[in-house]
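The exercises that follow are meant to be worked with the sequence and the coordinates open side by side. Each one sets a task and then goes through a solution step by step.

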Amino acid sequence: QVQLVESGGGPVQAGGSLRLSCAASGRTSGIDPMGWFRQAPGKEREFVAAISWSGGSTSYADSVKGRFTISRGSAKTTVYLQMYSLKPEDTAVYYCAADRRPYGLGHSTESEYDYWGQGTQVTVSS
């Protein structure tokens, strides 16, 4: 069993920034890709970003490319999402995800992840 806990969400004005964190615990050995998804009210959950174990491979949704950056901590059991130039349309619950299968083809779909956190709310006002 792997537990994921997100933190760092909150209210922010348009154009501002936030840094989300996700801490993994439990049976974390073998965890390779970790990623972020988000879900806005009335919308389906969508891919945001993903990163391989080494941090050498990353992928981003077109909607956040150039504004968001995903990274891993030195212990490899923490993943971050640095968000800049936030827009009202970025408002959503952000979820951390992890998988034991090797990173591949961007790891950009929900079905490619086995473990999920409870989410952290990000609200961007205009």
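**Exercise 1.** In which loop is Ser 52 found? Settle also whether Ser 52 is buried or exposed, and list what Ser 52 touches beyond its neighbours in sequence.

*Solution.* The model is a predicted one, and every value below is computed from it.
- Step 1: Ser 52 is found in the loop between strand 5 and strand 6, the latter being residues 58-60.
- Step 2: The relative accessible area of Ser 52 is 7%, and since buried means under 20%, Ser 52 counts as buried.
- Step 3: Leaving out residues up to four places away in sequence, Ser 52 touches Asp 32, Pro 33, Ser 57, Arg 72 and Tyr 103.

**Exercise 2.** Determine the strand order of the open sheet of four strands, and explain why strand 1 and strand 7 each have one side without a neighbour.

*Solution.*
- Step 1: The four strands of this open sheet come in the order 1-3-8-7, and their pairing is antiparallel.
- Step 2: Strand 1 (2-7) and strand 7 (68-72) stand at the edges with a single partner strand each, so one side of each is left without a neighbour in the sheet.
- Step 3: On average, and with direction ignored, neighbouring strands of this sheet are turned by 15° against each other.
- Step 4: At one edge, six bridges pair strand 1 with strand 3 (residues 18-26) in the antiparallel sense, and Ser 7 has Ser 21 of strand 3 as its bridge partner.
- Step 5: At the other edge, strand 7 is joined to strand 8 (residues 78-83) by five bridges, again with the strands running antiparallel, and Thr 69 has Gln 82 of strand 8 as its bridge partner.

**Exercise 3.** Which side chains of strand 1 point to the buried face, and which point to the other?

*Solution.*
- Step 1: The general expectation is that side chains of a regular strand alternate between the two faces of the sheet.
- Step 2: Strand 1 follows such an alternation, with Val 2, Leu 4 and Glu 6 pointing to one face and being buried.
- Step 3: Gln 3, Val 5 and Ser 7 point to the other face and are not buried.

**Exercise 4.** Two residues other than glycine are to be examined for positive phi: where do Ser 85 and His 107 lie, and how accessible are Ser 85 and His 107?

*Solution.*
- Step 1: Ser 85 has a phi near 50° and lies in the loop between strand 8 and strand 9 (92-98).
- Step 2: With a relative accessible area of 41%, Ser 85 is partly exposed.
- Step 3: His 107 has a phi of about 45° and is found in the loop between strand 9 and strand 10 (115-116).
- Step 4: His 107 is buried, its relative accessible area being 3%.

**Exercise 5.** How many aromatic pairs does the structure hold, and what is the geometry of the pair formed by Phe 37 and Phe 47?

*Solution.*
- Step 1: There are four aromatic pairs.
- Step 2: Phe 37 and Phe 47 lie 5.6 Å apart, centre to centre, with 75° between the planes, and this pair is edge-to-face.
- Step 3: Because Phe 37 belongs to strand 4 (residues 34-39) and Phe 47 to strand 5 (residues 46-51), the pair ties together parts that are 10 residues apart in sequence.
- Step 4: Phe 37 and Phe 47 are both buried, and ring pairs link them with Tyr 113 and Trp 116 into a cluster.
- Step 5: The ring of Trp 116 also has the charged end of Arg 45 over it, 5.0 Å from the ring centre.

**Exercise 6.** Which residues are joined into one network by salt bridges that share partners?

*Solution.*
- Step 1: The structure holds six salt bridges, one of which links Asp 90 to Arg 38, with the closest N and O atoms 2.9 Å apart.
- Step 2: Asp 90 is in the loop between strand 8 and strand 9 and Arg 38 is in strand 4, 52 residues apart.
- Step 3: Asp 90 also meets Arg 67 in a salt bridge of 2.8 Å, N to O, and Arg 67 is in the loop between strand 6 and strand 7, 23 residues from Asp 90.
- Step 4: Arg 38 and Asp 90 are buried, and Arg 67 is buried as well.
- Step 5: Salt bridges with shared partners join Arg 38, Glu 46, Arg 67 and Asp 90 into one network.

Note on methods
Residues numbered from 1 in each chain as written. Predicted model: local features only at pLDDT ≥ 70, side-chain atom pairs only at ≥ 80, totals over all residues. Heavy atoms only, no water. Pairing = 2+ DSSP bridges. Axes fitted to C-alpha atoms, helices over the stretch in contact; angles between N-to-C directions. Buried < 20%, exposed > 50% of the residue type's maximum accessible area, 1.4 Å probe, protein only. Phe/Tyr/Trp six-rings, centres within 6.5 Å; stacked < 30°, edge-to-face > 60°. Lys NZ or Arg CZ within 6 Å of the ring centre and 35° of its normal. Contact = heavy atoms within 4.5 Å. Salt bridge = Lys/Arg side-chain N within 4 Å of Asp/Glu carboxyl O.
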